[in-house]
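The following exercises concern the overall fold, the nonpolar interior and one buried side chain. Please examine the model before reading each solution.

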Amino acid sequence: MSHSAASALAGLRPWARLGLAGLAGAVGALGLAPFDLWFVGWLGFAALLALSVTAPAPRAAALAAWAGGAAHFALALNWIVEPFFVDAARHGWMATFALILMAGGLALFWALPGWLVARLLPRPAARAVVLAGLLVLAEAARGVVFTGFPWAQPGHGLIASPLLGLAALAGPLGLTALVLGAAAVLASLVLRGRAMGAGLLALAPLALLALPVPAPPPPEPAAPVVRLIQPNAPQHLKWRSDMVPVFFRRALDLTAGPPEGRAPALIVWPETSLPVLLEESQRVRADIAAAAGGAEVVVGGQRFEGLRARNTAVLLDPAGAIRQVYDKHHLVPFGEYMPGGAAAQALGLRGIAEVLAGGYSPGPGPDLLEIGGALGRAFPMICYEAIFPRYIRTVPRPDWMLHLTNDAWFGQVSGPYQHLALARLRAVEQGLPVLRAANTGVSAVIDGRGRVLAALPLNAAGALDAALPPALPPTLYARTGDWPILLLVLLATAAALAAGRRFAPLHRSG
């Protein structure tokens, strides 16, 4: 380890390494919304890789990777404390613990690769590429283990960059592989004694990946108009008995408002905006139908199916009759239900976001809303479901995607904007427009390239009329999913590991 950068990093005191790794991980989170400093975030990951691979022992390498991950997730997911302050007297004391446990737990997915690389490879510069590959695989695991939580991946920092279009080819894990792979190249060059400027110059070919992507064609002149309703009901007031009729009347008035051009063919209300249970909603549905003036309506609501409570999206015909029901199938653990079921209930534990006693039960799985006519088939996603890219591949290809959400739970700083960014990513992956109605914002119309064509700002009541953007041809990612990028990363990581072990003795003798 004769190079000055590698020697200096290897000589760091343990607490200095942990502190710098935490700082690097936090810098990596600056690529995410609302900061959107994607290039700065890239450099943060390069620094974290360098700090981990120069650790003197596997345990120190794992701790450095863990510290970087913990700081990254703590900054990126700071909104996780917001739900605990909706009922601060009851849950507020849990907020800090929730953030610490969430960040520290997710960071374990990064700690294991740090430990493995230090055990398997003697050279820091060779370790960086292998560590990057293992981190991509760890992020893939994070998306499915314990029901999955693919939020704040390193690749999500490219959503605000000119490289977003690459998600149509390789999906979110492809973006993560690009971020961490480029970070590994930069870290390796610096550890081999190259200047930072030379390392950045080596990444210049990545600029070719940012060539302008043609915009999709505009909506057809006869494209159906969809109205998105944003009633702006703060979560601490949303279910208060004296405020429920206020927010319902507000949504009705927004529904009945005059169109900006052609009358809407479909009106969309956000998640859980129906003020009563679906089975008790006949009069309420009649009021909605009257306000909609002949348009169909999709409204978020709640219902019981036997003893099972459902978080649901309901398609109403112009008379207010129920045409179709979709039940949310991927629920938020500790939010919409408590893991442990009856045992948790016996202990008095309940999900933070539970509205109906006993928590929600998952629906049967992904489905399509058969709206028909020019609106065709929509793929519904309720809140949390929009962070998962895989579910849409389990149903026939829809014409567009519909996202009903209540981001009032996420606060006002980062959560709503990160959720919007993930909806943009879903659009690019599939080449399909996404229309999202959010209770407090950001409601938006997103085209198949991920561009936000129109939006209502956060914490504002309003209605947004927009023509449905056209669907693009199926993307490569829509056809293949994550398997090609996972196989490529696995093979590249194995090759880098084999090469690093093969040339290790030669390096030591020199």
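**Exercise 1.** Determine what percentage of the chain is buried, and how its radius of gyration relates to the globule rule.

Solution. Of the 510 residues in the chain, 56% are buried, meaning under 20% relative accessible area with a 1.4 Å probe, protein chains only. This is a predicted model in which local features need pLDDT of at least 70 and side-chain atom pairs pLDDT 80 or more, while totals for chains, interfaces and linings use all residues. Residues are numbered from 1 along each chain as its sequence is written, and side-chain values use heavy atoms, without hydrogens and water. Next, the radius of gyration is 24 Å, close to the 24 Å given by the globule rule for 510 residues, so the chain is as compact as a globular protein of that length. The radius is taken over C-alpha atoms, and the rule is 2.2 Å times the number of residues to the power 0.38.

**Exercise 2.** Identify the residues with the most contacts inside the largest nonpolar core.

Solution. A nonpolar core joins buried Ala, Val, Leu, Ile, Met, Phe, Trp, Tyr and Cys residues through side-chain atoms within 4.5 Å. The largest has 115 residues, and L77, W151, L266 and W400 have the most contacts inside it. Beyond neighbours within four places in sequence, L77 is in contact (heavy atoms within 4.5 Å) with L99, M102, L106, F149, W151 and A152. Apart from this core lies another of 18 residues, including I229 and V299.

**Exercise 3.** Is H72 buried or exposed?

Solution. H72 has a relative accessible area of 0%, so H72 is buried. Its side chain reaches the backbone nitrogen of A29 at 3.4 Å.

Methods
Buried means under 20% relative accessible area, exposed over 50%, partly exposed in between (1.4 Å probe, protein chains only). A polar contact is a pair of N or O atoms within 3.5 Å; within protein, one must be able to donate a hydrogen and the other to accept it, and residues adjacent in sequence count only if both atoms are side-chain atoms.
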